[in-house]
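Please examine the sequence and the three-dimensional structure shown below before reading on. The explanation is intended to be read with both in view.

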Amino acid sequence: MSRRGLAAVSSVLDQAASSATNILVLVLAARLSSASGFADFSMVYVTFSVLLGLNMAYVGQTVVLEKDEDRLGAVCRSSLAFTAAASAAAGALLAVVGLAVPGAGGRAFLALGLVLPLVLVQDGLRYCFSALRTPERALAADALRLVCVVAALLLQPEGASAGRLVLVWGVSALPALALGLVLLRPYVRGSAADLRPYLRRGHLGQRFVVEFAVGNGSSQLAVLGLGLFATPLAVGALRGATTLFGPLNVLFNSANAFGPPVVGRASGKRGVVRLTVAMGGVLAALGALWGTVLYALPEHLGRELLGDTWAAAHALLPATGAQYAVMGLGTCALLTLRVLNPRATLSLQVVFSLLSVALLLGGYALAGVAGAAWGLAAGSALKAAAAWLRVSRLAAVGARESGVTTAA
């Protein structure tokens, strides 16, 4: 296998390991906790997911775009130093919130504040290895992370509190963090960290944060807000249902990561569209099939996966399966636009991500947690439809331009 092929395979496997970690953490937490305990854990994990995405957007994306190989060592060291400082500040704020909030939920947020620097710096190493074109090193660290967190959670007693589970989950990142730093050391030796670029106005990460906030963060915050003004049990049910679709997230993320160079080799705009339509059809079919398989699982197997949360999550699977089916179509529509016209995606993300939040909250107001799940599905469907409509317009313009050129 060529070096480029090995790097691609390592990147896909690393994404799979990272996704498997998130899936298994939630599955094990659900099995160990009561329904209310998993709801507390889910609230904390949604908060972590938002912070993780913000760090990926502000720091990680700028690292992987660095093209000057002579500066990569300094960029990697600086990114990790900034992540450590920013996560320590955010962790201190979460700890204050945790101390102020009574009960098990407050203790869970306190635990997250204590371990946040460990988990965010460990995740940040992935982007450094990607920029250095050594994804196999990221795979080694993330595989160790997966093994350690699963082993640590399996050792916890049934009925463990959300705070204890969060603390164990965070501390179990230490071996992977240590291995990642050792593997990175040869590339950053002699480089100095400089945090000033991350604090300057106009830093490229600011644009990526906006895209993340409207594309992904808005729905996560909406689910978190749902638990604040409605009931944390709704968060647990929604989170439990979406956790079961983790394998599809690996496919969606791989399409986003490796799709552009593959699709870009297609012949003309029509070739690009034909290829992405086929990809979208395959992903949509897989989403519908996976949802059907999960819905047909016997109750005892479902409880093996999600414990007491299974009953509430099972009722949401038709809606979540429909959402993932249309998400497959939407992912490939946005992939098409990034290849044909990269500037066309931000407005779609802003409008339809905010619409999805409105549909989520409106659906909950009308029909409870099931209505919220169907609201998310409707929002994803509308975003996919709008994206493909824009693709069709671009393809039509390209066909007219081609006709004019041929006639000339």
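The following paragraphs go from the overall fold to the salt bridges, and then to the cavities and a pocket.

The model considered here is predicted. The protein has 408 residues, and 48% of them count as buried. Its secondary structure comprises 15 helices and 0 strands. To see how the chain is folded upon itself, one may consider the contacts between residues at least 6 apart in sequence: 81% of these join residues at least 24 apart. The protein exposes about 18,500 Å² of surface, and carbon and sulfur atoms supply 66% of that area.

We turn now to the charged side chains. Side chains of opposite charge can pair when their charged atoms come close. How many salt bridges does the structure hold? The structure contains 6 of them. One joins Arg 126 to Asp 142, with their closest N and O atoms 3.4 Å apart. This pair links distant parts of the chain, since Arg 126 belongs to helix H4 (residues 103–131) and Asp 142 to helix H5 (residues 135–154), the two residues being 16 apart. Are the partners buried or exposed? Arg 126 has a relative accessibility of 14% and therefore counts as buried. Asp 142 is buried as well, because its relative accessible area is 4%; the limit for this class is under 20%. The pair also has a wider setting, for Asp 123, Arg 126 and Asp 142 are linked in a network of salt bridges.

A second group of salt bridges involves Arg 303. The side chain of Arg 303 meets that of Glu 299 in a salt bridge, with a distance of 3.2 Å from N to O. Where do these two residues lie in relation to each other? Both are in helix H13 (residues 299–306), and because they are 4 residues apart, about one helical turn separates them. Arg 303 also forms a salt bridge with Asp 308, at 3.5 Å from N to O. Arg 303 has a relative accessible area of 35%, so this residue is partly exposed. Asp 308 is likewise partly exposed, with a value of 46%.

The next topic is the enclosed space within the protein. A search of the whole structure finds 2 cavities of 30 Å³ or more. The largest cavity has a volume of about 180 Å³. Its lining is formed by 13 residues, and those closest to the centre of the cavity are Ser 18, Asn 22, Gln 122, Asp 123 and Arg 145. Asp 123 has already been met, as a member of the salt-bridge network with Arg 126 and Asp 142. Helix H1 (3–32), H2, H4 and H5 are the elements that give two or more residues to this lining. Which of them gives the most? H4 does, with 4 residues. By class, the lining of the largest cavity divides into 5 nonpolar, 4 polar and 4 charged residues.

The second largest cavity holds about 40 Å³ of space. Among the residues that line this cavity are Asn 55, Val 59, Val 63, Thr 83 and Tyr 127. At least two lining residues come from each of H2, H3 and H4, and H2 provides the largest share, 4 residues. The lining of the second largest cavity has 5 nonpolar and 5 polar residues, and no charged ones.

Finally, the second largest pocket may be considered. This pocket contains about 240 Å³ of space. Its lining includes Thr 62, Val 63, Glu 66, Arg 71, Asp 194 and His 203. Val 63 also appears in the lining of the second largest cavity. Helix H2 (35–64), helix H3 (72–100) and helix H8 (196–199) each supply at least two residues of the pocket lining. Which element has the largest share here? H3 contributes it, with 3 residues. The lining of the second largest pocket is made up of 6 nonpolar, 3 polar and 3 charged residues.

How values were computed. Residues numbered from 1 in each chain as written. Predicted model: local features only at pLDDT ≥ 70, side-chain atom pairs only at ≥ 80, totals over all residues. Heavy atoms only, no water. 1 Å grid on protein atoms, 1.4 Å probe; cavity = no way out; pocket = protein on both sides within 12 Å on 5 of 7 lines; lining within 4 Å. Points joined across faces, edges and corners; volume = space filled by probe spheres on them. Nonpolar A, V, L, I, M, F, W, Y, C, P; charged D, E, K, R; others polar. Salt bridge = Lys/Arg side-chain N within 4 Å of Asp/Glu carboxyl O. Buried < 20%, exposed > 50% of the residue type's maximum accessible area, 1.4 Å probe, protein only. Contact = heavy atoms within 4.5 Å. Areas by Shrake-Rupley, 256 points an atom, 1.4 Å probe, with all protein chains shown as cover.
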